[in-house]
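Grab a pencil and open the viewer. Below are some short exercises, each with a solution worked through step by step.

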Amino acid sequence: MKKLYKLIYLLPVLAILVGVNYTVDPAHLFSHDTTVNVEDDYEKVMVKMLGDGYNVTNVENYNERLFQKYFVESLKEAPNVLVLGSSKSQLIGETFWGNGVINSSVTGATLEDILAIYSMYEEKKITPNKLVLELSPWVLNDNNNQSRWKKLEENYNDYVKMLGSEESQSSFSIPPKYLELISFEYFQQSMKLLFSESFEQQAKPFFFTSKEFEGEFNLDSLFYKVENQAYYANVSTKGGDKITFLNTLLKKPEFYNTWFEKHPDIPLMEEVEGLVEATAVSRKKKVGELADFEIDNIVKLNRKLLENTFWENCPIYAGPSLYKTPNRDNQFLTRVIDGTISYPEKYRSRKQKKVNYMAQKFASKNIFGIEQFKELSQEKIGLLKRFIARLKKSGVEVELLLVPYHPLVHEKISSDQNYHQVAEAEKLLKSFAQSESILLYGGYNPYECTIGDSAFYDGMHLKESFLKRLLKIK
């Protein structure tokens, strides 16, 4: 009976755990389970735009694994070179070897991701001539704390079964991703995201305040067009607060339809868009370059808000801010036709002092994927070896790539015994490559790769020119 009481007391805790994990869902395990409308599917829209022959910019907060699923399905022919790995390799594409290169790398890729994504190529019968496999040390860490791959768990389980491992989880009556609902580790990831700046921006879009109207521009043009209309009496009255009016206006999803019926000849969207741009310009003049990040978000968040309100004027019905572009490098994150990415302008143009600061900050916290790296996973080593054996047997040429860390991060890794397994992972991968006559480029130590801090965007992402140097491309 006492045990029953204890269980009852634990129920609220369990409810909170499940509620937070399901609602925040940092790995997007549940966010697309009920998708029924192609037009509303962010990832499918991205792939469609790429298929139309354009790059896609202003990309944010999407599920990379789901994107890969649709992306591979959309391919018409086998690539000459396929690149698989983590975000460290997402810049490697046609600018390296010309046409015929496809990149299907995903952020934080684990061995599970790599196997699941490659299985899609096999299933579609578009296997490449060459596979460049970027392997970060956490692919051999059982405690890498990554769960995003579970969006592709069915692909992974089927492929592991084909490789002859007993690891396949197909015997579970409950899909493994649902076990994350009661996972404390997933709860920690959820709480971290919940209190992060990025989640705040998603949950609470920026609204105008008096600070934005200290410049020369104002709301008079827009305000006076609606203040005397009876329908809007509850929104704005003559001489009322224009800022409150605008924010209330933007919050009303039915506003556009009503406005269009009454004023079909007045291009309201242009008025509000002009105000958004003017806001950014005014803010930049006031606070200077240090506010670039905030300025970018003023434009992006309000644009998203406007598109939810004035959907008929937007490029995608009821969807997020995606734009076709022939350009590879843009102000915001861009997905390129060959599957690569182009970083946002502010990321590409960071000064070295800022880069080093970011690297130092990265090293001072939990280093991604290699905390609790107590030993090399024999199961993952076995899976990797069987995977490569299958590739070679099917005639696919395999090359391995190890991308170094920023010198400041490597200094922490090499001097702290808790990260000793990183060097062991490198040693094992190099030994394996040599025994199998596989070309291996790079390493985790930047000094051995003769690469300095100017080669990096942050603590572990190399610039394109230095990736080319690592791969011996002139």
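**Exercise 1. A pair in helix 19**

Lys430 and Glu426 sit four residues apart in helix 19 (residues 420–435), so about one helical turn separates them. Before you start, keep in mind that this is a predicted model.

Task: Work out how Lys430 and Glu426 are linked, and say for Glu426 whether it is buried or exposed.

Solution.
- Step 1: Look at the closest N and O atoms of Lys430 and Glu426, which are 2.7 Å apart.
- Step 2: A salt bridge needs a side-chain nitrogen of Lys or Arg within 4 Å of a carboxyl oxygen of Asp or Glu. Lys430 and Glu426 do form a salt bridge.
- Step 3: Now check the cover. Glu426 has 10% relative accessibility, so it counts as buried, because buried means under 20%.
- Step 4: Lys430 has a relative accessible area of 32%, which makes it partly exposed.

**Exercise 2. Joining up a network**

Task: Find which residues are joined with Arg328 into one network by salt bridges that share partners.

Solution.
- Step 1: Begin with Arg328 and Asp329, a salt bridge whose closest N and O atoms are 3.7 Å apart.
- Step 2: Check how open these two are. Arg328 is partly exposed at 22% relative accessibility, and Asp329 is partly exposed too, at 44%.
- Step 3: Go on to helix 20 (residues 464–470), where Glu464 and Lys468 lie four residues apart, about one turn of the helix.
- Step 4: Glu464 and Lys468 form a salt bridge as well, with 3.9 Å between the closest N and O atoms. Lys468 is partly exposed, at 21% relative accessibility.
- Step 5: Put the pieces together: salt bridges with shared partners join Arg328, Asp329, Glu464 and Lys468 into one network. For the wider picture, the count of salt bridges comes to 14.

**Exercise 3. What hides helix 2?**

Task: Say how many residues of helix 2 (residues 42–51) are buried, and name elements that cover them.

Solution.
- Step 1: Count the buried residues: seven of the ten in helix 2, which makes this helix mostly covered.
- Step 2: Name them. They are Tyr42, Glu43, Val45, Met46, Val47, Met49 and Leu50.
- Step 3: Look at what lies against them. The cover includes strand 1 (55–57) and helix 3 (64–74), along with strand 5 (323–325) and strand 6 (334–335).
- Step 4: Step past the end of the helix to Gly53, which follows helix 2 and has a positive phi near 95°.

**Exercise 4. Far in sequence, close by in space**

Task: For Tyr54 and Lys324, and then for Leu439 and Glu399, find how far apart the C-alpha atoms are.

Solution.
- Step 1: Place Tyr54 in the loop between helix 2 and strand 1. At 35% relative accessibility, Tyr54 is partly exposed.
- Step 2: Tyr54 and Lys324 are 270 residues apart along the chain, yet 5.6 Å separates their C-alpha atoms.
- Step 3: List the contacts of Tyr54, leaving out neighbours within four places in sequence: Met49, Lys324, Thr325, Pro326 and Ile337.
- Step 4: Turn to Leu439, found in strand 9 (residues 439–442). Leu439 is partly exposed, with a relative accessible area of 46%.
- Step 5: Leu439 and Glu399 are 40 residues apart in sequence, and their C-alpha atoms are 5.0 Å apart. Leu439 touches Val398, Glu399 and Leu400, not counting residues up to four places away.
- Step 6: Zoom out to the protein chain. Of its contacts with a separation of 6 or more, 72% come from residues 24 or more positions apart.

**Exercise 5. Positive phi without glycine**

Task: Find where Gln372 and Lys472 are placed, and decide for Lys472 whether it is buried or exposed.

Solution.
- Step 1: Gln372 has a positive phi near 60°, although it isn't a glycine. Its place is the loop between helix 16 (352–364) and helix 17 (378–393).
- Step 2: With a relative accessible area of 47%, Gln372 is partly exposed.
- Step 3: Lys472, not a glycine either, has a positive phi of about 60° and is found in the segment after helix 20.
- Step 4: Lys472 has 67% relative accessibility, so it counts as exposed, because exposed means over 50%.

How values were computed:
Residues numbered from 1 in each chain as written. Predicted model: local features only at pLDDT ≥ 70, side-chain atom pairs only at ≥ 80, totals over all residues. Heavy atoms only, no water. Buried < 20%, exposed > 50% of the residue type's maximum accessible area, 1.4 Å probe, protein only. Helix = DSSP H or I, 4+ residues; strand = E, 2+ residues; numbered from the N terminus. Contact = heavy atoms within 4.5 Å.
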